[in-house]
Amino acid sequence: LSEIWFSFQEHKASLIRIQREQAEAAAAKISQFIKEIESQVGWTTQLPWSAGTIDQRRFDGLRLLRQVPAITELSQLDATGREQLRVSRLAMDVVASKADFSKDPKFAEAVAHKVYYGPVYFRRESEPYMTLALTGTRRDAGVSVAEVNLKLIWDVISQIKVGERGQAYLVDAQGRLIAHPDISYRSFPFGAGAGGARGRQRQRPDRTAPGGRGHPGAARADRLCPRRSAGMACLCRAAAR
Amino acid sequence: MRRRDFIALSAAAAWPLAARAQQPDRARRIAVLMNNAEGDPEGQARAAAFRQGLEALGWTEGKNLRIDWYWTAGDVGRIRSDVTELAGRPPDIIVTNGRVILSEAVQVIRSIPIVFVLVNDPVGQGFISSLARPGGNVTGFTFFEYTMFGKSLELLKKVAPAVTRVGFIFNPDMSAYYGQFLPAFETEARQYSIELGVARVGTEAEINAAVAELAAASGGGLMVPPDAYTLVHRDVIVQSTAQYRIPAIYSYRQLIKEGGLMSYGPETSDIFQRSASYVDRILKGANPADLPAQAPAKFEFAINLKTATSLGLMVPPTVIALADEVIE
């Protein structure tokens, strides 16, 4: 994720500065988490496709899973968008399925913009995931597609304390809640018309972001996080009471 | 009779959570029913992770929280009597480890919140109505997904390429539900030219006989999925596979420390630690019906090279490089 924005709603003026520092620290942690994943996936996009490279790619893919716990599955698409390899923590490796993803945004968008962040989806109804796809520098390197378990971001979020009783949470580019210290908030299939999720989204902080000198407010975060730039916003709010 | 009476009583009672949440300053009481025997280091590691998770959330055993530990050692008779006892003097929450304990508990306990830990496929087995919305008094933390057994076979084949016949060993009284997935496992195994057979065991003699049978012809290997019986009797399996020189893959990392060849599966301590968050939430008034059942987030592959060497296996460096723990 190139940028992480945050905002606050403060209720005690004296806490603003502290909260801002905490929010900055939170945003930095999350940004670092995502950047780390991105750079690790980047290593898998260096090789050109040829028959001789499949074993090396398979090893690289498995080693990536070993190094980055948040990646549950990695698939590699060749320059024409066909799947040549899929390695997963949850299933056997699949070599040369040749499934065609050339029209899929995870291939098309990644080729057009170097990187693609998919919308949050829920694996087996309850586990929040996001697709991250990257192209290599070489045209023939194809696209690496990682399925990222956002629960491990949630672990980061849940450790963030804002003020005495405040909390941080994460929304994606569409304003959908990804991670919140209250885990049951995750259970809503956001964007699927769940009334509860919408109701809770209304509880997001004021968008005026007082005291946010130099810090974009939530409104800007929403506006400035178009999908292809993969915006996620870390919103921190102080306790209302 | 007593059970039925209790069910009738609890059905009549209103959901007690809200009321409980409002009682201040009372030391809360939870009961934890473990699959393991008390001295089992795997069980102790799970308990320690659970306590650590609770501590981080402000719950200290013996201070503001009383934890009654039940070490059932996978004994169904004991599980039943423990569950009956708990129904008679219900704690605030019951934490259950594994399928067998959960299955006994849900038959008797209908109004006390139950948090399960390390249960495969809780929806398919009918314990909850969905992962996102469990719906009743039960929620928790899942363990293996069935496709992971294919992954285990793949790892076994990498370490022991000569394996062509694998025994899938479990106790049908504990894990009968594996039966319905066997055709799928067999199909997956064939991708690696492995014939998958089933070894149903309920005694130590049967374990030894099953391993001996795998050793009767070349290419034998063993896969030990999570099962309360084989967990408790794992020393017999480890000894038997050493004696008959059978490469085996287990589901728990602890087994590798005890001489097992290799393991693949979700990290059990991490899951226990996470489960503390639901105990905390429910003690503070959350309804288990609303708490999504969670899947594992961390997985581990471990290998014991000493055991590999004694089995005459040369483990490729590319496999060692993928292991989270290597015992030399």
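**A guided reading of chains A and B**

Guide: In this predicted model, R124(A) forms a salt bridge with E145(B), the closest N and O atoms being 3.4 Å apart. Residues are numbered from 1 along each chain as its sequence is written, and chains are lettered from A in the order in which they are written. Local features need pLDDT of at least 70, side-chain atom pairs count only at pLDDT 80 or more, totals for chains, interfaces and linings use all residues, and side-chain values use heavy atoms, with hydrogens and water left out.

Visitor: How many salt bridges does the rule find across the interface of chain A and chain B?

Guide: A salt bridge requires a side-chain nitrogen of Lys or Arg within 4 Å of a carboxyl oxygen of Asp or Glu. Across this interface the rule finds four.

Visitor: Which helices of chain A each supply at least two residues of the side that touches chain B?

Guide: Helices (H or I, at least four residues) are DSSP runs, numbered from the N terminus. Here they are helix 2 (54–67) and helix 4 (151–158) of chain A. The largest share of that side, five residues, comes from helix 2 of chain A.

Visitor: How many residues of each chain are in contact across the interface, and what area is buried there?

Guide: Contact means heavy atoms within 4.5 Å. By that rule, 27 residues of chain A are in contact with 34 residues of chain B. Buried area is the accessible area (1.4 Å probe) that two parts lose on being put together, summed over both. Between chain A and chain B this is about 2700 Å², of which carbon and sulfur atoms give 53%.

Visitor: Is L156(B) buried or exposed?

Guide: Buried means under 20% relative accessible area, exposed over 50%, and partly exposed in between (1.4 Å probe, protein chains only). L156(B) counts as buried because its relative accessibility is 0%. This residue is found in helix 6 (residues 147–159) of chain B. Leaving aside neighbours within four places in sequence, its contacts include V163(B), L222(B) and M262(B).

Visitor: Which residues touch the most other members of the largest nonpolar core?

Guide: A nonpolar core is a set of buried Ala, Val, Leu, Ile, Met, Phe, Trp, Tyr and Cys residues joined through side-chain atoms within 4.5 Å. Of the 143 residues in the largest one, I30(B) and F50(B) touch the most other members. Helix 13 of chain B gives the most to this core, with seven residues.

Visitor: Where does D280(B) lie?

Guide: D280(B) lies in helix 13 (residues 268–283) of chain B. At 6% relative accessibility, D280(B) counts as buried.
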